[in-house]
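Colleague: I am new to this model and would be grateful for a close look at a single part, set in its surroundings. Which residues line the second largest pocket?

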Amino acid sequence: MKGLKMRIQSSKVLEAQMRALGALPQTMAFSEVYQGLQTGVVDGTENPPSNMLTQKMHEVQKHAIVTDHGYLGYAVIVNKKFWDGLPADVRRELDAAMKEATVFANHIAKQENEQALEKIKASGKTAVHVPTAQERAAWKKALAPVHKEMEGRIGRDTIQAVYKETGFSPD
C-alpha cells in the first residue's frame, strides 16, 4: 500500500489505518469514487465487494485485495431515558429481536459480498488478490498500533471485546 492514494470516508480511524499501511488517505465523497479511480485522483478504495460491484468500481480498478481489515456495522441507538422507561419484558424482547436481526443482516451481507466478489472476478476487469497467512500476519502487525492509538476514540473495553470475539491478540 506504500505510496498509494487510497479513498476513505471521513474517519480518523480509517486515516490512521491507511497511514499505518503506508498509504496516503484521501477523503472523498462516495459519489465521486468512480471518477476518482477512473482519472487517477485515487489509486484505490476501502470498500466491501458489494459496494465495488454496485458502484462499478471494478470497471476502473485494476487490482483489489481481500484484507478483511475492518468491519462495516450499523448501530441502533435509543435515548437512555426512553429505553429505561420501557417495561423490562419489552426491553428483553427488543434486545432479543435486535440480536436476531443482527445475525440475519450479517448473514445477508456476507452472502452479498461473496456473490459480488465472484462477479468481480468473473468480469476479468479487476485482479482479486487474497493474502497468504504470512501477508495477513503482516497486515495485522502493521495495524495493531492503530488499536492502541484509537483507544481514546473507540474505548479500550470495545477494542478488548473485539479481540475476545475474534480471537485476535495484538502481541
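Modeller: A pocket, as the word is used here, is an open set of grid points, where a 1.4 Å probe fits, with protein on both sides within 12 Å along at least five of seven lines. Its volume is the space filled by probe spheres set on those points. Please bear in mind that this is a predicted model.

In the second largest pocket, that space comes to about 260 Å³. The residues that line the pocket are Val76, Ile77, Val78, Phe82, Trp83, Leu86, Leu94, Asp95, Met98, Lys99 and Thr102. Sorted by class, eight of the lining residues are nonpolar, one is polar and two are charged. Two helices, H4 (80–85) and H5 (88–123), each contribute at least two residues to this lining. Helix H5 provides the largest share, with five residues.

Between these two helices lies a loop, and Pro87 is found there. Pro87 has a relative accessible area of 44%, and therefore counts as partly exposed. The C-alpha atom of Pro87 is 34 Å from that of Glu151, which stands 64 residues away along the chain.

The loop on the other side of H4, between strand S4 (63–65) and H4, holds Asp68. Most residues other than glycine have a negative phi. Asp68 departs from this pattern, for its phi is positive, at about 50°, although it is not a glycine. With a relative accessibility of 61%, Asp68 is exposed.

One loop earlier, between helix H3 (49–54) and S4, lies Lys56. Lys56, likewise not a glycine, has a positive phi of about 60°. Its relative accessible area is 43%, so Lys56 is partly exposed.

The loop between H3 and S4 also contains His58. Is His58 buried or exposed? A relative accessible area under 20% counts as buried, and the value for His58 is 7%, so this residue is buried. Apart from neighbours within four places in sequence, His58 touches Met52, Leu53, Ile120, Ser123, Lys125 and Thr126.

Turning to the sheet, one finds three strands in the order S2-S1-S3, forming an open sheet with parallel pairing. Its edges are formed by strand S2 (24–27) and strand S3 (44–45), each of which pairs on one side only. Strand S1 (residues 5–8) runs parallel to S3 and is joined to it by two bridges. In one bridge, Met6 has Gly44 of S3 as its partner. Against this sheet packs helix H1 (residues 12–20), in contact with S1 and S2, and the direction of H1 makes about 160° with that of S1.

Finally, the protein chain as a whole may be considered. Its secondary structure consists of eight helices and five strands, which follow the pattern β-α-β-α-β-α-β-α-α-β-α-α-α along the sequence. The C-alpha trace spans about 55 × 35 × 30 Å along its principal axes. Of the 171 residues, 26% are buried, and His58 belongs to the buried class. Among contacts in the chain with a separation of 6 or more, 54% are made by residues 24 or more positions apart.

Methods:
Residues numbered from 1 in each chain as written. Predicted model: local features only at pLDDT ≥ 70, side-chain atom pairs only at ≥ 80, totals over all residues. Heavy atoms only, no water. Pairing = 2+ DSSP bridges. Helix = DSSP H or I, 4+ residues; strand = E, 2+ residues; numbered from the N terminus. Contact = heavy atoms within 4.5 Å. Axes fitted to C-alpha atoms, helices over the stretch in contact; angles between N-to-C directions. 1 Å grid on protein atoms, 1.4 Å probe; cavity = no way out; pocket = protein on both sides within 12 Å on 5 of 7 lines; lining within 4 Å. Nonpolar A, V, L, I, M, F, W, Y, C, P; charged D, E, K, R; others polar. Buried < 20%, exposed > 50% of the residue type's maximum accessible area, 1.4 Å probe, protein only.
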